[in-house]
Amino acid sequence: MLGLEQLSALAHRAESEGELWLCARYLSVMCVTKARSDGSGSVGELPHRALDVITKILSKGFAQLSDQVLDDIYEVQLAM
């Protein structure tokens with residue numbers, strides 16, 4: 001099982017490589033993991049970071065995104 005530190009490193013690497021969707025997914029998993037282990041009040045800025053990355057993705061335009069990715073984005077946004 002990946003810990004929060006590993007997930008954070010993976011998210012950072014994905015973002016630096018331009019893999020924004022993968023970064024957002026890692027941040028979302030971090031948020032859920034932290035909430036389940038320490039309570040929902042413990043997530044801090046994780047939801048905001050994930051949503052900021054999703055905003056970057058959406059600003060690139062819907063034409064470049066598949067329907068599956070858009071469905072996944074909406075799912076992540078609702079979970080936040």
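Let me start with Leu7, which, once its neighbours within four places in sequence are set aside, is in contact with Leu2, Tyr26, Val29 and Met30. Please keep in mind throughout that what we have on the screen is a predicted model. Leu7 belongs to helix α1, and with a relative accessible area of 4% it counts as buried. If we take one of those partners, Val29, the two residues are 22 residues apart in sequence, while their C-alpha atoms are 8.0 Å apart in space.

From that residue I would like to step back to the whole chain. What secondary structure elements does the chain hold? There are four helices and zero strands, so that, read from the N terminus on, the order is simply α-α-α-α, with the numbering of the helices running from the N terminus because that is how they are defined. Of the 80 residues in the chain, 29% count as buried. As for the contacts, if we consider those between residues at least 6 apart in sequence, 42% of them join residues at least 24 apart.

Now to the packing of the helices, beginning with the pair that contains Leu7. Helices α1 and α2 have their axes 7 Å apart and pack at an angle of about 160°, and, since over 145 degrees counts as roughly antiparallel, α1 and α2 are roughly antiparallel to each other. Their crossing is left-handed. On the α1 side the contact is made by Leu4, Leu7, Ser8, Leu10, Ala11, Ala14 and Glu15, and these meet Leu20, Leu22, Cys23, Tyr26, Leu27, Val29, Met30, Thr33 and Lys34 on the α2 side. Sorted by class, that contact has twelve nonpolar, two polar and two charged residues.

The second pair I want to show is α2 with α3. How do the axes of α2 and α3 lie with respect to each other? They come within 9 Å and cross at roughly 160°, which makes α2 roughly antiparallel to α3, and here α2 passes α3 in a left-handed crossing. The residues of α2 that take part are Leu20, Trp21, Cys23, Ala24, Leu27, Ser28, Met30, Cys31 and Lys34, and they meet Leu46, Pro47, Arg49, Ala50, Val53, Ile54, Lys56 and Ile57 of α3. Divided by class, the contact of α2 with α3 has 13 nonpolar residues, one polar residue and three charged ones.

One residue in that contact deserves a separate word, and that is Ser28. Is Ser28, which lies in helix α2, buried or exposed? Ser28 is buried, with a relative accessible area of 10%. Looking across to α3, the C-alpha atoms of Ser28 and Arg49 are separated by 9.0 Å, although these residues are 21 residues apart along the chain.

That brings me to the charged side chains. In general, side chains of opposite charge can pair when their charged atoms come close. How many salt bridges does the count give? The count comes to two. In one of them, the side chains of Glu15 and Lys56 meet with an N to O distance of 3.0 Å. Glu15 lies in helix α1, residues 4-16, and Lys56 lies in helix α3, residues 46-59, so this pair ties together parts of the chain that are 41 residues apart in sequence. Both ends are partly exposed: Glu15 has a relative accessibility of 28%, and Lys56 has one of 40%.

The other salt bridge joins Asp38 to Lys34, with the closest N and O atoms 2.8 Å apart. Here both partners lie in helix α2, residues 20-38, where they are four residues apart, about one turn of the helix. Again we are dealing with partly exposed residues, Asp38 at a relative accessible area of 46% and Lys34 at a relative accessibility of 22%.

Lys34 also lets me close with the start of the chain. Which segment holds Gly3? Gly3 lies in the segment before α1, and it is partly exposed, with a relative accessible area of 25%. The C-alpha atoms of Gly3 and Lys34 are separated by 9.7 Å, and the two residues are 31 residues apart along the chain.

Conventions. Residues are numbered from 1 along each chain as its sequence is written. This is a predicted model: local features need pLDDT of at least 70, side-chain atom pairs count only at pLDDT 80 or more; totals for chains, interfaces and linings use all residues. Side-chain values use heavy atoms; hydrogens and water are left out. A salt bridge is a side-chain nitrogen of Lys or Arg within 4 Å of a carboxyl oxygen of Asp or Glu. Helices (H or I, at least four residues) and strands (E, at least two) are DSSP runs, numbered from the N terminus. Buried means under 20% relative accessible area, exposed over 50%, partly exposed in between (1.4 Å probe, protein chains only). Axes are lines fitted to C-alpha atoms, for helices over the stretch in contact, and angles run from 0 to 180 degrees between N-to-C directions. Angles under 35 degrees count as roughly parallel, over 145 as roughly antiparallel, 65 to 115 as roughly perpendicular and the rest as oblique. A crossing is left-handed if the near helix is turned anticlockwise from the far one by less than a right angle, and right-handed if clockwise. Contact means heavy atoms within 4.5 Å. Ala, Val, Leu, Ile, Met, Phe, Trp, Tyr, Cys and Pro count as nonpolar, Asp, Glu, Lys and Arg as charged, and the others, Gly among them, as polar.
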